[in-house]
Amino acid sequence: MQKFSKMAMVGATLAIVALSACAGGDYRPVADTPVRIGPAYTIRGTTYVPAAAPAYDALGYASWYGSESGNRTANGEQFRPGWITAAHTTLPLPTYVEVTALDTGRRIIVRVNDRGPFALGRVIDLSRGAAEELGMKTQGHALVRVRRVDPSEKDRKRLREGKAAGRLAPLSGQELQRLRARLPAKGQ
């Protein structure tokens, strides 16, 4: 009887492992390691060169995407539109960035795990969840500041689990004016 129960336990364990593998698809688990910089690549005639960029700080437009639900990200993870993630053309995968809406001063932390956007003037593509969190989902795009950050392990863990990081205070009007002054004048 003891031999049968051990065999049954082993069989049940193997069945559970096999079923869990089927449920997850062929995706990389959500993790912060290894960090991938990757080789240069070309999309529609433009070459992008991924780099470490520890001091990355850029202004431009953010857009959002969400119809790729279930697809694999460039990081090998399953794309989940409701998670607080983003695509960037050159930052290492994964990277954490603070995205600030320049119209409202609202700020969020986002986990970059994909490549894109491949449109002129866009510095980041946010998932639907990130666009909602930033308050820009309705308009579809917004002027933003994207700045590389090193969040707490608690915030990293929340983002790896698909949840939003801790709330950040919005930028002051004075700081927003300073950032907007860095934008090129229209027509330049």
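How many of the 188 residues in the protein chain are buried, as a percentage? Buried residues make up 39% of them, where buried means under 20% relative accessible area, exposed means over 50%, and partly exposed is in between (1.4 Å probe, protein chains only).

Before you click around, some ground rules. This is a predicted model, in which local features need pLDDT of at least 70 and side-chain atom pairs count only at pLDDT 80 or more, while totals for chains, interfaces and linings use all residues. Residues are numbered from 1 along each chain as its sequence is written, and side-chain values use heavy atoms, with hydrogens and water left out.

**Stop 1: the whole chain**

Switch to a cartoon view. You have 4 helices and 8 strands to look at; these are DSSP runs, numbered from the N terminus (helices: H or I, at least four residues; strands: E, at least two). Follow the chain along its sequence and the pattern reads α-β-β-β-β-β-β-β-α-β-α-α. Now think about contacts, meaning heavy atoms within 4.5 Å. Of the contacts in the chain with a separation of 6 or more, 76% are between residues 24 or more positions apart.

**Stop 2: strand 5**

Select threonine 100, which is found in strand 5. Threonine 100 is buried, with a relative accessible area of 0%. Leaving out residues up to four places away in sequence, threonine 100 touches Gly105, Arg106, Arg107, Leu143, Val144, Arg145 and Leu171.

Stay in strand 5 and pick glutamate 98, then add arginine 147. These two form a salt bridge, with their closest N and O atoms 2.9 Å apart. A salt bridge here is a side-chain nitrogen of Lys or Arg within 4 Å of a carboxyl oxygen of Asp or Glu. Arginine 147 sits in strand 8 (residues 141–148) and glutamate 98 in strand 5 (residues 95–101), so the pair ties together parts that are 49 residues apart in sequence. Glutamate 98 is buried at 5% relative accessibility, while arginine 147 is partly exposed at 27%.

**Stop 3: more salt bridges**

How many salt bridges are there by this rule? The count comes to 15. Try arginine 182 and aspartate 57, whose side chains meet at 3.9 Å, N to O. Arginine 182 lies in the segment after helix 4 (173–181) and aspartate 57 in strand 3 (residues 57–65), so this pair ties together parts that are 125 residues apart in sequence. Arginine 182 is partly exposed, with a relative accessible area of 40%, and aspartate 57 is partly exposed too, at 30%.

Next, select glutamate 161 and lysine 157, whose salt bridge is 2.6 Å, N to O. Then highlight Asp32, Glu77, Arg111, Asp150, Glu153, Arg156 and Arg160: salt bridges that share partners join them into one network.

**Stop 4: helix 3**

Select residues 153–160, which make up helix 3. Which residues in helix 3 are buried? They are Asp155, Arg156, Leu159 and Arg160. These residues cover an arc of only 135° around the axis (taken from the directions from the helix axis to the C-beta atoms), which puts them on the same side of helix 3. What covers the buried residues includes strand 5 and strand 6 (107–114). Just after the helix comes glycine 162, whose phi is positive, near 90°.

**Stop 5: two neighbours in space**

Go to proline 54 in the loop between strand 2 (46–48) and strand 3. Proline 54 is exposed, at 69% relative accessibility. Proline 54 and aspartate 150 are 96 residues apart in sequence, and their C-alpha atoms are 9.5 Å apart in space.

Now hop to histidine 141 in strand 8, which is partly exposed at 39% relative accessibility. The C-alpha atoms of histidine 141 and tryptophan 64 are 6.9 Å apart, although the residues are 77 apart along the chain. Beyond residues up to four places away in sequence, histidine 141 touches Tyr61, Ala62, Ser63 and Met136.

**Last stop: the cavity**

A cavity is a set of points on a 1 Å grid over the protein atoms alone where a 1.4 Å probe fits but cannot get out; lining residues have an atom within 4 Å of a point. Searching the whole structure turns up 1 cavity of 30 Å³ or more. The largest cavity has a volume of about 40 Å³, a volume being the space filled by probe spheres set on the points, which are joined across faces, edges and corners. To see its lining, select Val30, Glu77, Gln78, Phe79, Arg80, Trp83, Thr85 and Asn113.

Terms used
On a 1 Å grid over the protein atoms alone, a cavity is a set of points where a 1.4 Å probe fits but cannot get out, and a pocket is an open set with protein on both sides within 12 Å along at least five of seven lines; lining residues have an atom within 4 Å of a point.
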